[in-house]
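Subject: The structure I promised you

Hi,

Here is the model we talked about, with my notes underneath. Have it open while you read, since I jump around the chain a bit.

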Amino acid sequence: MRSSRYGIQILPSVLAADFSRLEPELRSVEEGGIDILHLDVMDGQFVPNLTFGPLLVKAIDKLSEKTLDVHLMVNEPAYLIPPFRKAGADWITIHTEACDDVAETLKAIRDSGALAGLAINPETPLSDAIPYFSDIHLMLLMTVSPGFGGQSFRAEVIPKIEQAELIREREGHDFVIEVDGGIGMETAGRVVDAGAELLVAGSAVFDQDDRPTAIRALLDRAVASQS
């Protein structure tokens, strides 16, 4: 039976927001009934883009009471865990591909008081993450190559979502399954069918004039796939 800790949720990706008007941007998605904001941190090394650091997370934490899901697309991110936790990160996710010692980095996240997440890129086999399933709160499967928004959904990740859910249920793990990349009206139901619960959406939310309606429409499409 699928984990029901959070149910099916849409997580707006703040990277797609207009940072010059951050407070109204956050309010516009909160009106859609969301519980979690997704924050993509990129270092210009692990991925080619460069985004923001703890200061912006701290600003968002002051503006919003929602859970902050911080996704570190950063090489050897252990040194960033304390400042992001202090800034208000509730969940911190790292990449298997970016850490020499994944277990120790996940432990550092848990020791900080944050909930630990693990992410893998589309090309990375799920087997690279399986050894850590007992150590994580969140399993994030990238459905695009990380680093840029607006990419097309990569359907070859769907079997990995299915495999992650199968192993979770068979072995009694407690993590939730999140997907990030190319989520929209055509893909929301497909990833939920495969086992995903948390759906990160950037342009599908922030590129819309009516963000609350866009969020509810995505959620309706995702939930309908289970009926």
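Let me start with Glu-23, which counts as partly exposed at 39% relative accessibility. Do keep in mind that this is a predicted model. Glu-23 sits in helix α1, which runs over residues 22-30. If you want a feel for the span of the thing, go from there to Val-102: the two are 79 residues apart along the chain, and their C-alpha atoms are separated by 35 Å. Another pair to click on is Arg-110 and Ser-20, which are 90 residues apart along the chain, with 33 Å between their C-alpha atoms. Arg-110 belongs to helix α4 and is partly exposed, with a relative accessible area of 36%.

Now the charges, starting with the salt bridges. The count comes to ten of them.

Staying in helix α1, have a look at Arg-27 and Glu-30. Their side chains meet in a salt bridge, 3.0 Å from N to O. Both residues lie in this helix, three residues apart, which is about one turn. The two partners differ in how much surface they show: Arg-27 is partly exposed, with a relative accessible area of 31%, whereas Glu-30 is buried, at 18%. Glu-30 gets the label "buried" because its 18% falls under the 20% cut-off.

Next, go to Arg-154, which turns up in two of my notes. One salt bridge links it to Glu-123, the closest N and O atoms being 2.9 Å apart. Glu-123 is in the loop between β5 and β6, and Arg-154 is in the loop between β6 and α5, so this pair ties together parts that are 31 residues apart in sequence. Glu-123 counts as exposed at 53% relative accessibility, while Arg-154 counts as partly exposed at 21%. The side chain of Arg-154 also meets that of Glu-156 in a salt bridge, 2.7 Å from N to O. Glu-156 is partly exposed, with a relative accessible area of 44%. Elsewhere, salt bridges that share partners join Arg-21, Glu-25 and Arg-211 into one network.

While you are in the loop between β6 and α5, click on Val-157, which is in that loop. Is this residue buried or exposed? Val-157 is buried, with a relative accessible area of 1%. Between Val-157 and Leu-126 there are 9.7 Å in space, C-alpha to C-alpha, and they are 31 residues apart in sequence.

Then there is a patch of negative charge on the surface. Which residues form it? The patch is made by Glu-76, Asp-100, Asp-101 and Glu-104. I looked at two of these residues more carefully. Glu-104 is in helix α4, residues 102-112, and is partly exposed, with a relative accessible area of 46%. Glu-76 lies in the loop between β3 (67-73) and α3 (81-87) and is partly exposed too, with a relative accessible area of 36%. There is an oddity in the backbone here as well: Glu-76 has a positive phi of about 45°, although it is not a glycine.

Last, the aromatics. A search of the whole structure finds three aromatic pairs. One of them is Phe-133 with Phe-175: the ring centres are 4.6 Å apart and the planes are at 50°, so the pair is tilted. The reasoning is short: planes under 30 degrees apart would count as stacked and over 60 as edge-to-face, and the rest are called tilted. Where do the two rings come from? Phe-133 lies in the loop between β5 (115-120) and β6 (138-142), and Phe-175 in the loop between α5 (158-171) and β7 (176-180), so the pair ties together parts that are 42 residues apart in sequence. Phe-133 is buried, with a relative accessible area of 2%, and Phe-175 is buried as well, at 0%.

That's what I have for now. Shout if anything is hard to find on your screen.

Cheers

Definitions and conventions:
Residues are numbered from 1 along each chain as its sequence is written. This is a predicted model: local features need pLDDT of at least 70, side-chain atom pairs count only at pLDDT 80 or more; totals for chains, interfaces and linings use all residues. Side-chain values use heavy atoms; hydrogens and water are left out. Rings of Phe, Tyr and Trp (its six-membered ring) pair if their centres lie within 6.5 Å; planes under 30 degrees apart count as stacked, over 60 as edge-to-face and the rest as tilted. Helices (H or I, at least four residues) and strands (E, at least two) are DSSP runs, numbered from the N terminus. Buried means under 20% relative accessible area, exposed over 50%, partly exposed in between (1.4 Å probe, protein chains only). Patches are made of residues with over 30% relative accessible area and no salt bridge: like charges are joined within 9 Å, nonpolar side chains (Val, Leu, Ile, Met, Phe, Trp, Tyr) within 5 Å. Accessible areas come from the Shrake-Rupley method with a 1.4 Å probe; for residues, only the protein chains shown count as cover. A salt bridge is a side-chain nitrogen of Lys or Arg within 4 Å of a carboxyl oxygen of Asp or Glu. Lys and Arg count as positive and Asp and Glu as negative; His and the chain ends are not counted. The place of a charge is taken as NZ of Lys, CZ of Arg, CG of Asp or CD of Glu.
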